[in-house]
Amino acid sequence: MSKEEILINEQIHFEEVRCVSELGEQLGIFSIEEAQKIARDQGLDLICISPSAKPPVCKIVEYGKFRYQAEKRLKESKKKQKQIEVKEIKLSTQIAQNDINYKVKHAREFFEEGKHVKFRVFLRGRELQNPIAGFEMLKRVCAMVEDIAHADKEPKIEGKYATALMIPNNKIKA
């Protein structure tokens, strides 16, 4: 929730609201004036936490504490998110086999670390007219890492590149 979305005290313009205490207890349904009076008497704020409910739900709590807890929950949820790192390996249609082996070795290291790998084959000149050579190169490379990873999508042309995204198999992920 951003600061602009939260309605507090006099910003709330509903006829009646369901009130919840600071501890989460249901207090009942009150007119907005009664709810604001109850909050003022306790020295707290009336915060609308669910304006789309019928009737809207308001919580009687200190606004600073409410905002702090919301930011804390947001930080916790961000911590639990897993960042997916995509490493890019560039190839050419005219690349030698030992160079392919070297690049595949690096790709295998990335897969063992749980990273995704994007193989890109740069297409030049006439190769753009007939990108089959790029697709064949991608198929060769993908076949070399098939035991440790699988293709996310079919290889495709993106501008001057033929690309394939490979994802590590679940049993390998760290």
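Biologist: Where is Pro 55 found in this predicted model?

Modeller: Pro 55 belongs to the loop that joins strand 4 to strand 5. The peptide bond leading into Pro 55 from Lys 54 is cis, with omega near -15 degrees.

Biologist: What do strand 4 and strand 5 form, and how many residues are between them?

Modeller: Strand 4 and strand 5 form a hairpin, with six residues between them.

Biologist: Why are strand 4 and strand 5 said to pair, and in which sense?

Modeller: Pairing requires at least two bridges found by DSSP. Strand 4 (residues 45–50) shares five bridges with strand 5, so the two strands count as paired. Their sense is antiparallel. In one of these contacts, Asp 45 has Val 61 of strand 5 as its bridge partner.

Biologist: What makes strand 2 and strand 5 a pair?

Modeller: The requirement is again at least two bridges. Strand 2 (residues 16–20) has three bridges to strand 5, and the two therefore pair, here in the parallel sense. Arg 18 stands opposite Val 57 in strand 5.

Biologist: Why is strand 5 called mostly covered?

Modeller: A residue is buried when its relative accessible area is under 20%. Four of the five residues in strand 5 (residues 57–61) are buried, so the strand is described as mostly covered.

Biologist: What is in the largest nonpolar core, and which residues touch the most other members?

Modeller: The largest nonpolar core has 22 residues, and Leu 91, Phe 111 and Phe 119 touch the most other members. Two or more residues each come from strand 6 (86–92), helix 3 (97–112), strand 7 (116–122), helix 4 (132–144) and strand 10 (161–168). Helix 3 contributes the most, with five residues.

Biologist: Which residues does the second, separate core include, and why may it be called a nonpolar core?

Modeller: The second core has twelve residues, among them Ile 12, Cys 19, Leu 44 and Leu 46. The term applies because members must be buried residues of listed kinds, Ile, Cys and Leu included, joined through side-chain atoms within 4.5 Å.

Biologist: How is the protein chain divided, and what distance separates the centres of the domains?

Modeller: The division gives domain 1 (9–78) and domain 2 (86–168). Taken over C-alpha atoms, the centres of domain 1 and domain 2 are separated by 54 Å.

Biologist: What does UniProt list for residues 8–76 and for residues 84–168?

Modeller: An unreviewed UniProt entry gives residues 8–76 as "domain: Translation initiation factor 3 N-terminal"; this span is 36% helix and 33% strand, with its end C-alpha atoms 25 Å apart. Residues 84–168 are given there as "domain: Translation initiation factor 3 C-terminal"; that span is 34% helix and 33% strand, and its end C-alpha atoms lie 11 Å apart.

Notes. Residues numbered from 1 in each chain as written. Predicted model: local features only at pLDDT ≥ 70, side-chain atom pairs only at ≥ 80, totals over all residues. Heavy atoms only, no water. UniProt positions renumbered as here; feature names shortened; annotations may be inferred. Buried < 20%, exposed > 50% of the residue type's maximum accessible area, 1.4 Å probe, protein only. Domains from an automatic or database assignment.
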